[in-house]
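Biologist: I should like to go through this structure with you. Could we begin with the contact between the chains?

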Amino acid sequence: MSVTRYTKDHEWVRQEGDVAVIGITDYAQQQLGDVVYVELPEIGRKVEQGKEAAIVESAKAASEVYAPISGEVVAVNEAILGNPALVNEDAMGEGWFMKVRLADPRQLAGLMDENAYAALVAEQG
Amino acid sequence: MPDTADSPPLQHTPLYDLHVARGARIVAFAGYAMPVQYRLGIIAEHLHTRTQAGLFDVSHMGQIMLHGAAAAGALEALVPGDLQALAPGRMRYTLLLNDRGGILDDLIVTRVAGGLMLVVNAARKAADLAHLQARLERSVTIEPRFDRALLALQGPAAAAVLARHAAGVERLPFMSASEVAVAGVPCFVSRSGYTGEDGFEISVAGDDAVALAERLLAEPQVAPIGLGARDSLRLEAGLCLCGHDIDETTTPVEAALTWTIGGRRREAGDFPGAAIILRQLAEGPARKRVGIRPDGRAPAREGTAIRDPEGRPLGHVTSGGFGPSVNAPIAMGYVAAGRAAPGSALSLVVRDVPRPAHVAPLPFVPTRYYRG
């Protein structure tokens, strides 16, 4: 199991070879409440670190999901398009958003590790 | 917390501590700290209300008593409803209008012994009170009852649940009200609500509210429901939210609330903005409030631009989100009158992308008011 890294905007990213899996954190899904809709990028789109890559809508509002790292989208999670509640049920696993071919693996090192993210959540929660 | 340093502290209803104890997420709403959801979450709370019974704290709304035999006639000067025809214990939905026929607020008026009881929106209660004080004839005494709490018990199980604590209440007709002891607590109970379901609104002294709420929440069919589900329930039922779907710039005719204009009032033309409203009735309004169903899954929120399929502007969404019982996005908004017929093709511009939608009949789900 590879290391999971986190952003201050509550996305997570996990490296699997030259590809990174991206999703929103369990804290993020709790804060959003019931997820009713997600909008995912097209395969082949180049996403840029810190820029909008997807949309997640709860019963109350729409939120942007930012790319934790830059790269080309190689897969999206079709399962959450048909069943957005999967994001609530398993944000860190089955509720992943997209897979991105890493443009620069060094970007990962600049993100928070589990402990730093837990501290951020403790501060905000 | 959304409360910021330069805004006044949020007010609490008598049930605030109960909300917190039951895991509510608290948000600012109309100057009050209110529960937007509890642990169930908005969708489960919505569906619970449609299948069993939900208890809502709506104590932030304004209860105002108008004392005096002349109250109904006097209030008619400010609203288009036929209030003089209101029998004792009966209630009516009506609108406070400005002199251009625009809607200042929507309210429920009940004929009670000695006058009228009003329930107005939380965000409007200070303004409504000032409006009444400035415009009602002197023989009517205005008594704000903002100390009272208001609970709503809504859903198909509401009548059976409430009857356990107030025998006979299950036979109260829709849109009528009565002094009733609920679990021994003196209450003013009406058969009304804001969800499209059968249900009750229970006015109770602030000091008695927690005990009454706890008794009702102890019933297995009853769950506490927050403002999030209250909003999706009323939207599915096609009911307007004041300040969003109706406001000072929309008339009852544009808002598809023509049914609130009493026949006698229409003939007399003696309500605020009558000249404008009667002309719109005769000629048809330029725009109209309609239900909207996006063809895709993306919700269209308030403020979303509505266009025709060729891209010409038609209006804006005034309420929009996800309808849990419809299991699809739903919205309401104003469109040019020529596009208001159900089935008319629309385009909703969400995140700069035009997305197909169509006009849908209201309500989105069949209402189930008590017709016994």
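Biologist: How much area do chain B and chain A bury between them?

Modeller: Chain B and chain A bury about 1200 Å² between them, with 48% of it on carbon and sulfur atoms. Buried area here is the accessible area (1.4 Å probe) that two parts lose on being put together, summed over both. Please note that this is a predicted model, in which local features need pLDDT of at least 70 and side-chain atom pairs count only at pLDDT 80 or more, while totals for chains, interfaces and linings use all residues. Residues are numbered from 1 along each chain as its sequence is written, chains are lettered from A and ligands numbered from 1 in the order in which they are written, and side-chain values use heavy atoms, with hydrogens and water left out.

Biologist: Which three residues supply 44% of the area that chain B buries against chain A?

Modeller: They are B:Arg25, B:Arg301 and B:Arg351, and no other three residues supply more. In total, 15 residues from chain B and 14 residues from chain A take part in the contact, which is defined by heavy atoms within 4.5 Å.

Biologist: How many salt bridges cross the interface of chain B and chain A?

Modeller: The rule finds four, a salt bridge being a side-chain nitrogen of Lys or Arg within 4 Å of a carboxyl oxygen of Asp or Glu. B:Arg301 and A:Glu57 form a salt bridge through their side chains, at 2.8 Å from N to O. Both residues also belong to a network of salt bridges that links A:Glu39, A:Glu57, B:Arg301, B:Arg351 and B:Arg355.

Biologist: And how many salt bridges does the structure hold over all chains?

Modeller: The total is 30. One of the pairs is B:Arg22 with B:Glu214, at 3.2 Å from N to O. B:Arg22 lies in the loop between α1 (16-21) and β1 (25-29) of chain B and B:Glu214 in helix α6 (residues 209-217) of chain B, so this salt bridge ties together parts that are 192 residues apart in sequence. Helices (H or I, at least four residues) and strands (E, at least two) are DSSP runs, numbered from the N terminus.

Biologist: Is B:Glu214 buried or exposed?

Modeller: Neither: B:Glu214 is partly exposed, at 34% relative accessibility, and B:Arg22 is also partly exposed, at 28%. Buried means under 20% relative accessible area, exposed over 50%, and partly exposed in between (1.4 Å probe, protein chains only).

Biologist: Which residue forms a salt bridge with B:Arg50?

Modeller: The partner is B:Glu236, with the closest N and O atoms 2.9 Å apart. The pair links helix α2 (residues 42-51) to helix α7 (residues 227-236) of chain B, 186 residues apart. Both B:Arg50 and B:Glu236 are buried.

Biologist: What about B:Arg368 and B:Glu197; how far apart are their closest N and O atoms?

Modeller: They are 2.9 Å apart, in a salt bridge. Here B:Arg368 is partly exposed, at 43% relative accessibility, whereas B:Glu197 is buried, at 3%.

Biologist: Changing topic, how many disulfides does the structure hold?

Modeller: There are zero over all chains, where a disulfide is a pair of cysteine sulfur atoms within 2.5 Å.

Biologist: Why does B:Cys240 form no bond with B:Cys242?

Modeller: The sulfur of B:Cys242 is the closest cysteine sulfur to that of B:Cys240, but the distance is 8.8 Å, which is too far for a bond. B:Cys240 is buried, at 5% relative accessibility, and B:Cys187 is buried at 2%.
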